[in-house]
Amino acid sequence: MMRKIKIFMEMIKFEHTLFALPFAFVGAILGAVMEQDRLPGWGEIGWVIVAMVGARSAAMGLNRLIDRAIDARNPRTEKRAIPAGLLRSNEVLIFITVSFLLLFAASFRLDPLAVKLLPVAIFMLVFYSYTKRFTWLCHLFLGFTIALAPLGGWVAVTGTAGWSAYLLYVSVAFWTAGFDIVYACQDYEFDRREGLHSIPARFGIKRSLWLARLFHLVPAGGFLALFWMTELSWGYLTGTIIAIGLLFYQHVIIKPQDLSRVNLSFFTMNGTLSVVLFVFTLLDLVVLHQW
């Protein structure tokens, strides 16, 4: 049983929940402070965590299930759980169902608007896995799906979403899309051979890395704009400057002719960025403003 659980956790890359979960916290905390002049309760935070784990686990499980034939043909992914025979498709389908049930249960314990928006979230969680079959804009579809984390956190505790919430949503979407372009450079030759769509397959690696840099100008500007649009102060601004530095650095270490540091850029830098922004936002709102 423990071995099977470990395989499931490896399949969905559970540790990568670190990318989106801190932003869900940012959305929940910043939304509660801005809209209702309070901090979210521990119960709300707990259900946001359950919703995030359920949503991301379902999305990753779906992605692995939908792409199982493609993964089996790709040397980089052929050892994933389903193509390697470590998990059966029906086992993964049960896992996806349980994950969606977690999302449903958490949504019903949060604001009613979160329940009303469930169909939109589910559609995006399912649909994005198919987009690389017909459009090189698949990275943006992924970005706007993962960015539901901060927007969902905001809506879940406030029942509303203003301009600041949507600015955070767009910023996280382009942050995700940017680093997904870099990650997709690893599959440049495979995608072209298989007829799959991606920005690297469409524009080549060199141009794609430049497009990723342009994409990352959006979150850099968006995170700074939140400083001016909200009650956030120098604590948040400090974290934003560090985050922008991490964005810049991950592009410095990746070269078109040398993609060996993609995993450092994709996993380490981006995981650190989301945690840094959350910690400094929390510091700003809880310590400096004493909410």
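This is a short tour of the structure above, from its nonpolar cores to its salt bridges and a few spots on the outside. Keep in mind that the model is predicted.

Let's start inside. The largest nonpolar core has 59 residues, and the members that touch the most others are Phe23, Trp175, Phe215, Tyr236 and Leu273. Quite a list of helices feeds this core: H2 (17-36), H3, H9 (148-158), H10, H13 (205-215), H14 (217-229), H15 (234-252) and H16 (262-288) each supply at least two residues. Apart from that core lies another one, made of 25 residues, including Phe8, Met11, Leu87 and Tyr128. As a general rule, nonpolar side chains in soluble globular proteins tend to be buried together.

Phe215 is a good residue to click on. Leaving aside residues up to four places away in sequence, Phe215 touches Leu140, Phe174, Ala177, Gly178, Ile181 and Ile199.

Helix H10 deserves a look too. This helix runs over residues 163-184 and is mostly covered, with 18 of its 22 residues buried. How far apart are the end C-alpha atoms of H10? They sit 31 Å from each other, and this agrees with the 32 Å that 22 residues should span at 1.5 Å a residue.

Now for the charged pairs. A search of the whole structure turns up 7 salt bridges. Here are three of them, with the gap between the closest N and O atoms:

| Acidic residue | Basic residue | Closest N and O atoms |
|---|---|---|
| Asp67 | Lys132 | 2.9 Å |
| Asp71 | Arg80 | 3.3 Å |
| Glu194 | Arg73 | 2.9 Å |

Take the salt bridge between Asp67 and Lys132, with its 2.9 Å gap. The pair links distant parts of the chain, 65 residues apart: Asp67 is in the loop between H3 (42-66) and H4 (68-73), while Lys132 is in the loop between H7 (118-127) and H8 (138-146). Asp67 counts as buried because its relative accessibility is 1%. Lys132, at 23%, counts as partly exposed. There is a third partner here as well, since Asp67, Lys132 and Arg133 are linked in a network of salt bridges.

The bridge between Asp71 and Arg80 brings together a residue that counts as buried, Asp71 at 4% relative accessibility, and one that is partly exposed, Arg80 at 22%.

Then there is the salt bridge from Arg73 to Glu194. These two are 121 residues apart and again link distant parts of the chain, with Arg73 in helix H4 and Glu194 in helix H11 (residues 188-194). Are they buried or exposed? Both count as partly exposed, Arg73 at 44% relative accessibility and Glu194 at 29%.

Finally, let's move to the outside. Met1, Met2 and Ile5 make a nonpolar surface patch of about 390 Å². Met1 comes in the segment before helix H1 (2-11), and its relative accessibility of 78% is why it counts as exposed.

Asp37 is another residue to look up, in the loop between H2 and H3. What is the phi of Asp37 near? It is near 55°, a positive value in a residue other than glycine. Asp37 is also exposed, with a relative accessible area of 51%; the cut-off for that word is over 50%.

How values were computed
Residues are numbered from 1 along each chain as its sequence is written. This is a predicted model: local features need pLDDT of at least 70, side-chain atom pairs count only at pLDDT 80 or more; totals for chains, interfaces and linings use all residues. Side-chain values use heavy atoms; hydrogens and water are left out. Patches are made of residues with over 30% relative accessible area and no salt bridge: like charges are joined within 9 Å, nonpolar side chains (Val, Leu, Ile, Met, Phe, Trp, Tyr) within 5 Å. Accessible areas come from the Shrake-Rupley method with a 1.4 Å probe; for residues, only the protein chains shown count as cover. A salt bridge is a side-chain nitrogen of Lys or Arg within 4 Å of a carboxyl oxygen of Asp or Glu. Helices (H or I, at least four residues) and strands (E, at least two) are DSSP runs, numbered from the N terminus. Buried means under 20% relative accessible area, exposed over 50%, partly exposed in between (1.4 Å probe, protein chains only). The expected span of a helix is 1.5 Å times one less than its number of residues. A nonpolar core is a set of buried Ala, Val, Leu, Ile, Met, Phe, Trp, Tyr and Cys residues joined through side-chain atoms within 4.5 Å. Contact means heavy atoms within 4.5 Å.
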